[in-house]
Amino acid sequence: PGPLGIAHAIGLARDFVGDDAFCCVLGDNILRGPALADIAREFEEGSYGAGTMLHRVPDPERFGVAELDASGRVVGFEEKPEHPKSDLIPIGVYFLRRDAFSVIDHLLPSGRGEFEITDVLNHYIPDGRLYSPIYEGHWTDAGTVPSLLRAAEMAAEDDAAGRLSRPVSRPVG
């Protein structure tokens, strides 16, 4: 009946995922930098229950925002705050294990009426099972016209630098 949130959408993948650790990448996220496979391997080899990559943005109020303690450790996430506590956001790449489905099953809708992924991530913070490295590459979402333009500019920069794969010409016939 309408959008119910990222956590709800992830919950719909329960039968597909089975018992494996998995990664969910939101379709409007554009990344250029470290290989996701390497980052996923770090998550999978650890004792983490959930994870995401953090990235600094100029407009954190549009996103979930990480709150850090004095040592720089994540102590919580707040969804689309009016007054963000940092400029670090969890980008739309989530690493999860099977037990995340039981966390999702017990979520209550937020004030926005959605099941928030930040609530899932918050669940793993108290016992130190949240994986949250800072993503050292370039990231943008393509969910707004300005961010879609930035994604196109990133692709144009990559193309000009020869970083995009080029199609191979093949004879016809």
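## Salt bridges at a glance

The structure holds 16 salt bridges. Keep in mind as you read that this is a predicted model. The general idea behind such pairs will be familiar: side chains of opposite charge can pair when their charged atoms come close. A few of the pairs are worth a visit one by one, and the sections below take them in turn, after a look at the chain as a whole.

## The chain as a whole

The chain has 173 residues, and 36% of them count as buried. Its secondary structure comes to 6 helices and 8 strands. Reading from the N terminus, the elements follow the order α-α-β-β-α-β-β-β-β-α-α-β-β-α. If you are setting up a view, the C-alpha trace spans about 55 × 40 × 40 Å along its principal axes.

## A pair within helix 3

Let us begin with Arg 41 and Asp 38, whose side chains meet in a salt bridge with an N to O distance of 3.4 Å. Both residues belong to helix 3, which covers residues 36–45, and they sit 3 residues apart, about one turn of the helix.

How accessible are the two partners? Arg 41 is partly exposed, its relative accessible area being 40%. Asp 38 also counts as partly exposed, at 43% relative accessibility.

## A pair that links distant parts of the sequence

Next come Arg 62 and Asp 141, with side chains that form a salt bridge at 3.2 Å, N to O. Arg 62 is in the loop between strand 3 (50–56) and strand 4 (64–68), while Asp 141 is in strand 8 (residues 138–141), so this pair ties together parts that are 79 residues apart in sequence.

Is Asp 141 buried or exposed? Asp 141 is buried, with a relative accessible area of 8%. Its partner Arg 62 is partly exposed, at 28%.

## Glu 79, Lys 80 and a network

Glu 79 and Lys 80 form another salt bridge, in which the closest N and O atoms are 3.0 Å apart. Glu 79 counts as partly exposed at 22% relative accessibility; since the buried class is set at under 20%, its value falls outside that class. Lys 80 is partly exposed too, at 37%. Beyond such single pairs, salt bridges that share partners join Arg 32, Arg 150, Glu 153, Glu 157 and Asp 158 into one network.

Lys 80 deserves a second look for its backbone. Its phi is near 45°, a positive value in a residue other than glycine. Lys 80 is located in the loop between strand 5 and strand 6.

## More from the loop between strands 5 and 6

Pro 81 is found in that loop as well, between strand 5 and strand 6. With a relative accessible area of 4%, Pro 81 is buried. For a sense of scale, Pro 81 and Ala 35 are 46 residues apart in sequence, and their C-alpha atoms lie 30 Å apart in space.

Ser 86 is also placed in the loop between strand 5 (74–79) and strand 6 (88–96). Ser 86 counts as buried because its relative accessibility is 16%, with the cut-off for buried being under 20%. What does the side chain of Ser 86 reach? One partner is the backbone oxygen of Ala 66, at 2.5 Å. Another is the backbone nitrogen of Leu 88, at 3.1 Å.

## Charge on the surface

Some acidic residues come together on the outside of the model. Asp 20, Glu 42, Glu 44 and Glu 45 gather in a surface patch of negative charge. Where is Asp 20 placed? Asp 20 lies in the loop between helix 2 (14–17) and strand 1 (22–25). Asp 20 counts as exposed because its relative accessible area is 52%, and exposed is the class over 50%.

## The start of helix 6

One more stop is Val 145, in helix 6, which covers residues 145–160. Is Val 145 buried or exposed? Val 145 is exposed, with a relative accessible area of 68%. Compared with Phe 115, Val 145 is 30 residues away in sequence and 25 Å away in space, C-alpha to C-alpha.

Note on methods:
Residues numbered from 1 in each chain as written. Predicted model: local features only at pLDDT ≥ 70, side-chain atom pairs only at ≥ 80, totals over all residues. Heavy atoms only, no water. Patch = residues over 30% accessible without salt bridge, like charges linked within 9 Å, V, L, I, M, F, W, Y side chains within 5 Å. Areas by Shrake-Rupley, 256 points an atom, 1.4 Å probe, with all protein chains shown as cover. Salt bridge = Lys/Arg side-chain N within 4 Å of Asp/Glu carboxyl O. Lys, Arg positive; Asp, Glu negative; His and termini not counted. Charge placed at Lys NZ, Arg CZ, Asp CG, Glu CD. Helix = DSSP H or I, 4+ residues; strand = E, 2+ residues; numbered from the N terminus. Buried < 20%, exposed > 50% of the residue type's maximum accessible area, 1.4 Å probe, protein only. Polar contact = N/O pair within 3.5 Å; in protein donor to acceptor, adjacent residues only side chain to side chain.
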